[in-house]
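Good morning, and thank you for coming. Today I would like to go through one protein chain with you, beginning with its overall form and then turning to single residues.

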Amino acid sequence: MPRLLLPLVGCLLLVALGVSALLYAQYDDAPGLGLIAFVLIFGGIGLGVRAVLRAKRRV
């Protein structure tokens, strides 16, 4: 479980960065930043899922 904690915290920080970028893009009306924010959010979710699946496979 401790080996899984650090990657999940990193993924949560990546998702939080994406959400904050999305909110700023909506405020500033910047469609490119909105796209980058979606990539960050879904990339963080994908990395989190991959980390959980790898941790389950090791056990």
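I will speak about the fold, then the surface, and then a few residues along the chain.

Please keep in mind from the start that this is a predicted model. Let us begin with the fold. The protein chain contains 2 helices and 0 strands. Its radius of gyration is 14 Å, well over the 10 Å that the globule rule gives for 59 residues, so the chain is more spread out than a compact globule. The box filled by the C-alpha atoms, taken along the principal axes, tells us about the form in another way: it is roughly 45 × 15 × 10 Å. As for burial, 19% of the 59 residues count as buried.

Let us now turn to the surface. Which residues gather in a patch of positive charge there? They are Arg3, Arg50, Arg54, Arg57 and Arg58. Helix α2, which covers residues 31-58, supplies the largest share of this patch, with 4 residues. Arg3, in turn, belongs to helix α1, which covers residues 2-28. Is Arg3 buried or exposed? Its relative accessible area is 67%, and because the cut-off for exposed is over 50%, Arg3 counts as exposed.

There is also a nonpolar patch on the surface, with an area of about 510 Å². Its members are Phe38, Phe42, Ile45, Val49 and Leu53. Let us take Phe42 as an example. Phe42 sits in helix α2, and its relative accessible area of 55% makes it exposed.

I would now like to walk along helix α1. Pro7 is part of this helix. With a relative accessibility of 33%, Pro7 is classed as partly exposed. How far apart in space are Pro7 and Ala21? From C-alpha to C-alpha the distance is 21 Å, and the two are 14 residues apart in sequence.

Gly18 is also located in helix α1. Here the relative accessible area is 0%, so Gly18 is buried. Between Gly18 and Leu47 there are 14 Å in space, C-alpha to C-alpha, with a separation of 29 residues in sequence.

Another residue of helix α1 is Ala25. Its relative accessibility is 6%; the cut-off for buried is under 20%, and therefore Ala25 counts as buried. Ala25 and Ala37 are separated by 12 residues in sequence and by 8.3 Å in space, again from C-alpha to C-alpha.

We come next to the loop between α1 and α2, where Asp29 is found. What is notable about the phi of Asp29? It is positive, at about 60°, although Asp29 is not a glycine. This residue counts as exposed, at 67% relative accessibility.

Finally, let us look at Val52, which lies in helix α2. Val52 has a relative accessibility of 27% and so counts as partly exposed. Its separation from Leu33 is 19 residues in sequence, while the C-alpha atoms of the two are 29 Å apart in space.

Let me draw the main points together. The predicted chain has 2 helices and 0 strands, and a loop between α1 and α2 holds Asp29. On the surface we have met a patch of positive charge, with Arg3 among its residues, and a nonpolar patch that includes Phe42. Within helix α1 we have seen Gly18, which is buried, and Pro7, which is partly exposed. Thank you for your attention.

Technical notes:
Residues are numbered from 1 along each chain as its sequence is written. This is a predicted model: local features need pLDDT of at least 70, side-chain atom pairs count only at pLDDT 80 or more; totals for chains, interfaces and linings use all residues. Side-chain values use heavy atoms; hydrogens and water are left out. Patches are made of residues with over 30% relative accessible area and no salt bridge: like charges are joined within 9 Å, nonpolar side chains (Val, Leu, Ile, Met, Phe, Trp, Tyr) within 5 Å. Accessible areas come from the Shrake-Rupley method with a 1.4 Å probe; for residues, only the protein chains shown count as cover. A salt bridge is a side-chain nitrogen of Lys or Arg within 4 Å of a carboxyl oxygen of Asp or Glu. Lys and Arg count as positive and Asp and Glu as negative; His and the chain ends are not counted. The place of a charge is taken as NZ of Lys, CZ of Arg, CG of Asp or CD of Glu. Buried means under 20% relative accessible area, exposed over 50%, partly exposed in between (1.4 Å probe, protein chains only). The radius of gyration is taken over C-alpha atoms; the globule rule is 2.2 Å times the number of residues to the power 0.38.
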